[in-house]
Amino acid sequence: MGYDKGKISGTQLMLMSASFLQAALTVIPLAVFAGGRDVWLLLIISLAVFLPFVFVYLKLGEMFPQSNLIEINDRVFGGALGKFLSALYLMYFMLDYLYNLVMPASYMRTNFMILTPETAFALSFMLLVLWAARNGIETIARLSVFSFSINYLSVILIFLLLLGKFKPNHFLPVSDIPFSKVVSAVIIVIGKFLSEIFIFLMLLPSVTERSGIKKALLAGISLGCLFNVVLGLLCVGVLGSFMLFQSAPFNATVRQLELMSINSRIEIVVVLLLFFSTFLKNSVIFYALLVGAGSLFRLRSQKTLLIPLTLLPLSLVELTVSSNSMQFQAGRNSLVFLGLIFHMLLPLTTLIVAAIRRTVKRQGGEDA
Amino acid sequence: MIWVEIILLAAVGAAGIMEPIKKKWWKELVVYIVIFLLGSVLLMLQTAGIKLPYLIDEVSKFFKIVLHLSYD
């Protein structure tokens, strides 16, 4: 894989995938929109529905152990079609990267530093991500240990501090939403949140313990999802129906904390969570973009693309969404559907075509 | 303002372009220049005040108008 010969262990893969899914503070409003106070239950249902697709990714990784997604496309679909699909994937990764830059930047501006332009936040995030990607997959994997621990410890601490305000009756009645709404909520949660784990197909060739990939990825997804279930439970238990009117439910939940004189600054915990989780997520996406572009053009070193691939998203930050209100709407009306296409439909098609080609090849060999 | 931007971009661009030139990696150089120019032109167009379409809004419109998929 070009410039980066770094390798990661199964445990690091698990922590990376868990940290990747922890970056859901900005997705929680989407999930709340979809599931109301049953958001925690919908996250569990979505995980159950999504798990078969994880096996699709694992099977693809197993069939092509030394290849990333772009190389798999080349081998399965051949030159022209493979390259076309890979180019589409890279454009989608770029869009996803932009959205994951703009959302936390907008969150920071709206809730904490209203006079600072979003581009300033996005640029600072991008420079950190550039540094991480420049150091390679091993550095990103090592950072995931900190990200994972800090995020979990912060949420557990907040949970304990808010236990007094936690009201079990806020959860009642459980699952009183109609089936059609459950289906659309599950589609939103899978399309915009869970299925993003698909990007790890770009990183699987870097894992040393091939036999432990399945266990590590499944454990990572479960831990990441558990984190979001805890967030959902916390928001519902503390805020109740009030949560439905919040653009940032977790932020509103943390505001309920009363800790003597530091009360007014306790939201720094939210900023820390947002910072660590989105930093890791964006690092993984940017790294995948870098490796993907290098594989697509068959470059000797992807490192040469670090500067142009930082400049291009910077030029697109202001062009991502037209307004704050559109971010939420656009997220569910475009990225959810794009997620379903790129994370589920195309990988499934790739697996089916690869399996057919392999069978035909084997039969051809037997006939000869 | 646009001149400041051009000078900054030229400085950043020159910093990264040296490696492929020194190593005579022409393919890397071409990919570098194409992506860098694309980013630079987009930045300069915005600085010049030219209105460009919003990416995610356009994708949403495509799903809504062409495929009739929407959560509104």
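Tutor: A salt bridge here is a side-chain nitrogen of Lys or Arg within 4 Å of a carboxyl oxygen of Asp or Glu. The model is predicted, so local features need pLDDT of at least 70 and side-chain atom pairs count only at pLDDT 80 or more, while totals for chains, interfaces and linings use all residues. Residues are numbered from 1 along each chain as its sequence is written, chains are lettered from A and ligands numbered from 1 in the order written, and side-chain values use heavy atoms, with hydrogens and water left out.

Student: OK, how far apart are the closest N and O atoms of A:Glu196 and A:Lys281?

Tutor: A:Glu196 sits in the loop between H8 and helix H9 (213–239) of chain A and A:Lys281 in helix H11, so the pair ties together parts 85 residues apart in sequence. Helices, by the way, are DSSP runs (H or I, at least four residues; strands are E, at least two), numbered from the N terminus. The two residues form a salt bridge, and their closest N and O atoms are separated by 2.6 Å.

Student: Are A:Glu196 and A:Lys281 buried or exposed?

Tutor: Buried means under 20% relative accessible area, exposed over 50%, and partly exposed in between (1.4 Å probe, protein chains only). By that rule, both A:Glu196 and A:Lys281 are buried.

Student: Which residues are linked with A:Glu196 and A:Lys281 in a network of salt bridges?

Tutor: Look at H5 (residues 79–111) and H8 (residues 179–192) of chain A, which hold a salt-bridged pair 96 residues apart. That pair meets at 3.7 Å, N to O, and both of its residues are buried. Joined to A:Glu196 and A:Lys281 in the network are A:Asp96 and A:Lys192.

Student: And which residue meets A:Arg298 in a salt bridge?

Tutor: A:Arg298 lies in the loop between helix H11 (268–296) and H12 of chain A, and its partner is in helix H4 (residues 69–77), so the pair ties together parts 224 residues apart in sequence. A:Arg298 is exposed, at 55% relative accessible area, whereas the partner is buried, at 15%. The side chains meet at 3.1 Å, N to O, and the partner is A:Asp74.

Student: Over to the interface: which side chain of chain B does A:Arg300 meet in a salt bridge?

Tutor: Chain B and chain A bury about 3200 Å² between them, 73% of it on carbon and sulfur atoms; buried area is the accessible area (1.4 Å probe) that two parts lose on being put together, summed over both. The count of salt bridges between these chains is one. A:Arg300 meets its partner at 3.4 Å, N to O, and that partner is B:Glu28.

Student: Which helix gives the most to the side of chain B that touches chain A?

Tutor: H1 (2–22), H2 (26–47) and H3 of chain B each supply at least two residues of that side. The biggest contribution is 13 residues, and it comes from H2(B).

Student: Which chain B residue is A:Leu314 in contact with?

Tutor: A:Leu314 is in helix H12 (residues 306–316) of chain A, and it is partly exposed, at 21% relative accessible area. Contact means heavy atoms within 4.5 Å. Leaving aside neighbours within four places in sequence, A:Leu314 is in contact with A:Thr119, A:Leu123, A:Met126 and, from chain B, B:Leu43.
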